[in-house]
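Reader: Please pick one part of this model and go through it closely. I would like the cut-offs stated along with the terms.

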Amino acid sequence: MTIPKVAVVILNYNGKKFLEKFLPNVIANSVGHQIYVADNGSTDDSIPYLKAHFPKVTTIEIKDNCGYAKGYNVALKQINADYYVLLNSDVEVTANWIEPVINLMEQNQKIAACQPKLLDYRTRDEFEYAGASGGFIDKYGYPFCRGRMFNTLEKDTNQYNNAVEVFWATGACLFVKSKAYWEVDGLDDDYFAHMEEIDLCWRLKNIGYSVYVEPKSVVYHVGGGTLNKLSSRKTFLNFRNNLITLTKNHSSGGLIIKLFYRMILDGIAAFKFLLDAQPKHFFAVIRAHFAYYYMLPSTLSKRKKQKQKANFKFSRSFTYKGNIVFDYFLKNKKKYSELDGGFFSE
């Protein structure tokens, strides 16, 4: 049996402090696999530090900071491997973190992307916001996770320890088959950051692949290493990219109506920011919508190009047919386990 070639690829931007803290841990727990650091135009001394202290780690130097999506695309084009592991620089891995995921993906060739269980680095018995134990979206495109609903994080009591198919896998620690990655043209450069992994997973599903979580693998994520949750830039990217993702990947049936409802719901969210004395976030939502309109011709062109791929069919499998905003804020459903399981599309 041929052993698949796995490349662990860390995208770095001015993250020397994270490299100092977490890279030795990644090296110690990734024996037999090649490790790369793709530097996204850092202005700190990340590159000299890497070359001086980790000469066996392959460094890929990217001239400018072109964001998570384009940064990874540029780097991965230079790497020959069967599997890419896109790993944030602020992640602590554990012993045997790679093998369970690769074994699962090798057993089922339809699995194109997979994530481990993602726990919080600081509160180690709690799920981490960026992916918890696998991601989903509702019928309006709002993302949530097994273990995380909006800002409510569950304690990990092994309640989500089964490997299951999900809708999206976290970009904080994303295992993806290289062949499948390039079949859908990789991450969307225009996203810069945030939601790009959801878009990638949806495009993979649209050509017949599956996405899974394998909780036998566990990692701990700091979160907010580049843009923290208080950043209005993050708010802008999340709202803009979420609308683009929905427009690119949802079937024509009902899309216009859902986008109309999204405009209303996003407007409510914007005014809530204003009522909470967060004017920067209010204007970030407004700017996100104007940016979405500006990018609409390009988005529709990408949608058309995607539909020309072999085996293409718009997929809604493992989407939640309900409204997660309504369930969370009005019906007080704060946990994934409280959702109606029958409301998930197969």
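Author: The answer below takes helix α1 and then turns to one buried tyrosine for a second look at packing.
This is a predicted model, in which local features need pLDDT of at least 70 and side-chain atom pairs count only at pLDDT 80 or more, while totals for chains, interfaces and linings use all residues. Residues are numbered from 1 along each chain as its sequence is written, and side-chain values use heavy atoms, with hydrogens and water left out.
Helix α1 covers residues 16–28, 13 residues in total (helices are DSSP runs of H or I of at least four residues, strands runs of E of at least two, numbered from the N terminus). From first C-alpha to last, α1 reaches 18 Å, close to the 18 Å expected (1.5 Å times one less than the number of residues). At phenylalanine 22, α1 bends by about 40° (the angle between axes fitted to the seven residues ending there and the seven starting there). Proline 24 follows within four residues.
Phe18, Leu19, Phe22, Leu23, Asn25 and Val26 are the buried residues of α1 (under 20% relative accessible area with a 1.4 Å probe, protein chains only). Their cover includes the strands β1 (6–12), β2 (34–40), β4 (83–88) and β5 (91–93), along with helix α2 (46–53).
Tyrosine 320 sits in the loop between α10 (296–307) and α11 (324–329). Tyrosine 320 is buried too, at a relative accessible area of 2%. Neighbours within four places in sequence aside, its contacts (heavy atoms within 4.5 Å) include Ile137, Phe144, Asp327, Leu339 and Phe343. Tyrosine 160 is 160 residues from tyrosine 320 in sequence and 17 Å away in space, C-alpha to C-alpha.

Terms used:
Buried < 20%, exposed > 50% of the residue type's maximum accessible area, 1.4 Å probe, protein only.
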